[in-house]
Amino acid sequence: MKRMLFNATHAEELRVAIVDGQKLIDLDLESAIRTEKKGNIYKGVVTKVEPSLEACFVDYGPDRQGFLPLKEIYRDYFGQDESTTPIAQVRIDSAIKEGQEMIVQVDKDERSNKGAALTTFVSLAGRFLVLMPNNPKRGGVSRRITGEERAELRDILSHLKINPQHALIARTEGIGRNQSELQWDLDFLLKLWETIEQSSTAPKAPFLIYQESNLIVRSIRDHLSEDVAEIIVDDKEVYERAKRFINQVMPQNLFKLKLYNDNVPLFSRYQIEGQIESAFNRKVSLPAGGSIAIDHTEALISIDVNSARATKGGDIEETALQTNLEAVDEIARQLKVRDMGGLIVIDLIDMTVNRNQRTVEARLKEALQTDRARVQVGHISRFGLLEMSRQRLRSSISEANYRTCPRCEGMGTIRNVVSSSLNLLRIIEDQALKENTEAIQVILPLDMATYLLNEKRYELSQLESRLVSRITIIPSDELSSPHFQIKRLRSDELDELGGIASYKQKIEIKNPEPSAFSKPIANKPEPALVKLDQISHRAPPALKPVKSPTINVEKTGLLRRISEAVFGRNDSTEAVASEQIKKPSRQPRRKTDNRSSTQSAKGRGRGSYPQNRSQNKNQKKDQGESSGQRNQSRQQLNPERDSKSANSGRVQQNKPNPQNRKPRARKPINDNSRNNLAGAQGDFQNQESGPSPQNVSTHIGNADQSAQQSMGSNKPRSQGYSRDKRNNQNANPRRSRLIPTAPDENIPDDIGNRKI
């Protein structure tokens with residue numbers, strides 16, 4: 001059972017987790033220090049046009065300007081001369097002018113040194129639809145919707161009342177919704193867009209027009225579905241905000257919202273704190289002992305799969321397969337939890353069997369089906385690498401909660417004290433060789449300064465005498481190796497210092513290692529002019545009830561069928577049994593290649609109609625018949641079967657000597673040997689009890705068949721009937737009934753080539 005958990009015990013951070021039982025499925029964080037801008041709508045001003053990039057830079061409010069390419073600019077913003085020109089021939093310097101104002105939306109948030117990516121094609125996400133105003137060419141149905149549901153949604157979208165200049169995209173939540181529900185959602189989005197257009201003309205740009213819904217509203221809107229049973233919130237203010245939104249959009253789901261007041265923390269109650277912590281670790285363990293290591297680089301994300309302590313497989317190939325299957329399941333979950341995007345390269349354990357490689361690829365695609373982001377998965381190369389790409393839905397957890405290490409600067413390793421000190425000596429010599437250099441001032445960490453002043457004292461004195469420059473070393477506890485600062489002093493700067501001692505000189509440390517409290521908490525963002533609560537809209541229509549899955553009561557299990565065959569059916573199942581008998585059922589093909597005609601007839605005679613025999617047996621028991629009467633009635637129904645069983649020596653009390661008994665054929669035989677064996681059995685029975693009509697007819701039938709084979713008859717075998725039944729159909733009127741078998745053309749041609 002899925003649950004949506006909201007944890008807001010700390011004002012600096014809001015966490016939303018989706019769990020299935022006690023397994024973390026998805027995680028989203030909102031920090032007060034870092035505010036998300038993706039989806040926000042601004043009124044911006046063009047500050048610079050770059051023809052070489054075919055783009056312009058827009059000031060939309062934040063300190064760093066946004067990047068707006070030409071292909072993301074609405075044609076109404078072009079000049080009059082370029083409004084009708086094909087887009088391939090448009091030059092941005094002639095279409096867009098500096099100082100021009102336009103409505104822009106943040107498509108991608110800021111990352112490291114890159115500014116935000118902007119677009120003028122605004123999209124407004126609703127409960128079931130996404131409205132794309134002034135963009136009629138971009139519309140349709142979500143890629144995750146296929147088959148009849150896709151065609152049904154397309155038909156409903158064509159009947160909605162909308163301006164032809166706008167476009168719609170049906171979301172996955174729109175599956176099974178009727179036209180009135182979709183029209184209600186569309187009317188709400190149209191009112192929202194009208195309010196945004198009216199507010200965009202009020203003050204002077206740049207300013208914030210509409211802020212994309214906060215994490216509370218966005219999570220409920222995107223993730224609340226029929227399979228989510230509860231929404232549990234541990235903060236009163238967040239609970240009231242979620243309650244208002246649910247009442248406004250989906251009041252039928254209000255019963256799922258609950259306020260958590262227990263002393264035990266909410267995430268600890270569902271045991272997901274440890275799983276959340278794994279999302280911040282570089283290495284993640286697998287259930288069978290393996291592990292995966294996730295590393296971020298400048299251009300891509302590399303994931304390495306290690307077998308580690310995984311030794312449960314029968315051989316190395318099976319161990320590699322099981323470890324890779326567990327790894328791709330965990331990778332798919334980590335991609336959603338961490339929201340990693342871009343190019344992703346997975347280094348799997350080498351597998352030599354191609355079938356195992358295809359199995360791992362199919363497992364990864366199946367695990368990624370629940371991901372809302374656009375994902376493309378390649379094939380495993382001959383080097384054991386699998387490449388894939390994933391759309392980034394929001395800022396990843398690492399970007400929002402991590403910063404680059406100030407000591408290693410993202411490399412992961414630092415130079416030792418000896419290497420850093422020797423490198424510093426070379427830099428000092430290079431700086432002293434420059435013109436007008438009177439002195440060199442070096443600010444060092446304590447460990448590097450100690451090493452230079454003791455182990456490298458002679459080298460420093462040699463540099464001073466050879467370069468005729470004064471070298472001043474100032475230790476500082478604000479720096480950590482391998483960081484240092486070097487300053488070249490000219491004659492006028494040296495005169496300003498005068499006779500000031502080195503320990504009294506003012507030192508300005510540039511870019512010191514920041515402490516945990518060096519970065520202040522961000523102020524509250526500016527309020528948006530348009531908010532969802534301000535839009536008055538009619539109540540949503542009542543949703544149609546979800547159809548419960550129908551249970552087919554006619555299908556019974558294997559144990560029930562066996563018990564019914566042995567003990568008979570109960571009165572409660574007679575109605576179901578009668579309906580099953582009416583339906584035609586295809587009987588399985590009987591294999592008689594390894595049995596003689598007599599043995600085949602015996603097997604079919606005993607097991608032909610177990611249901612009817614069990615019912616007759618129960619009826620005779622109810623009437624109080626004795627065992628002798630039942631045997632007598634059985635002989636009257638099928639006397640020849642009893643005579644045959646008597647001749648074969650299975651029912652007689654005076655059994656023949658086992659040494660004189662003819663052994664039964666065990667190995668497969670062909671048609672000629674089957675005919676000879678049938679004739680031999682007939683002769684053996686004639687010697688003991690005389691010929692019977694059945695044996696004579698069987699012998700004659702086998703003789704005719706041998707004659708046809710000697711004459712070269714190539715008459716094909718008739719499909720749908722057993723050979724042994726054709727030979728014995730005139731011997732016994734009760735057993736002359738033809739039993740249909742599965743025809744050969746129903747068997748697929750590639751059944752021998754299928755992979756299991």
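Glu 273 and Arg 15 join their side chains in a salt bridge, with N and O 2.9 Å apart. Glu 273 sits in helix α7 (residues 273–278) and Arg 15 in strand β2 (residues 13–20), so this pair ties together parts that are 258 residues apart in sequence. Keep in mind that this is a predicted model. Here's a quick run through its salt bridges and one of its sheets.

**The Glu 273–Arg 15 pair, and the overall count**

- Arg 15 is the buried partner, at 13% relative accessible area, while Glu 273 is partly exposed at 31%.
- The count of salt bridges comes to 23.
- Side chains of opposite charge can pair up when their charged atoms come close.

**Other salt bridges to look at**

- Asp 262 and Arg 269 also meet through their side chains, with an N to O distance of 2.0 Å.
- Both ends of that bridge are partly exposed: Asp 262 has a relative accessible area of 37%, and Arg 269 has 38%.
- Arg 390 pairs with Asp 371, and their closest N and O atoms are 2.8 Å apart.
- Arg 390 belongs to strand β21 (residues 385–390) and Asp 371 to the loop between α9 (354–367) and β20 (375–380), so the bridge ties together parts that are 19 residues apart in sequence.
- This pair is tucked away: Arg 390 is buried at 6% relative accessibility, and Asp 371 is buried at 4%.
- There's a network as well, in which salt bridges link Arg 171, Glu 212, Arg 221, Asp 222 and Arg 372.

**The six-stranded sheet**

- Strand β21, home of Arg 390, is part of an open sheet of six strands with mixed pairing, running in the order β16-β17-β18-β19-β21-β20.
- β16 (283–285) and β20 are the edge strands; each has a single partner, so one side of each has no neighbour in the sheet.
- On average, neighbouring strands here are turned by 20 degrees against each other, ignoring direction.
- At the β20 end, β20 and β21 run antiparallel and pair over four bridges.
- Within that pairing, Val 377 has Met 388 in β21 as its bridge partner.

**Helices packed on the sheet**

- Helix α8 (residues 316–338) packs on the sheet and touches β16, β17 (291–296), β18 (300–306), β19 (342–347) and β21.
- The direction of α8 makes about 145 degrees with that of β18.
- Helix α9 packs on the sheet too, touching β19, β20 and β21.
- The direction of α9 makes about 170 degrees with that of β20.

Methods. Residues numbered from 1 in each chain as written. Predicted model: local features only at pLDDT ≥ 70, side-chain atom pairs only at ≥ 80, totals over all residues. Heavy atoms only, no water. Salt bridge = Lys/Arg side-chain N within 4 Å of Asp/Glu carboxyl O. Helix = DSSP H or I, 4+ residues; strand = E, 2+ residues; numbered from the N terminus. Buried < 20%, exposed > 50% of the residue type's maximum accessible area, 1.4 Å probe, protein only. Pairing = 2+ DSSP bridges. Axes fitted to C-alpha atoms, helices over the stretch in contact; angles between N-to-C directions. Contact = heavy atoms within 4.5 Å.
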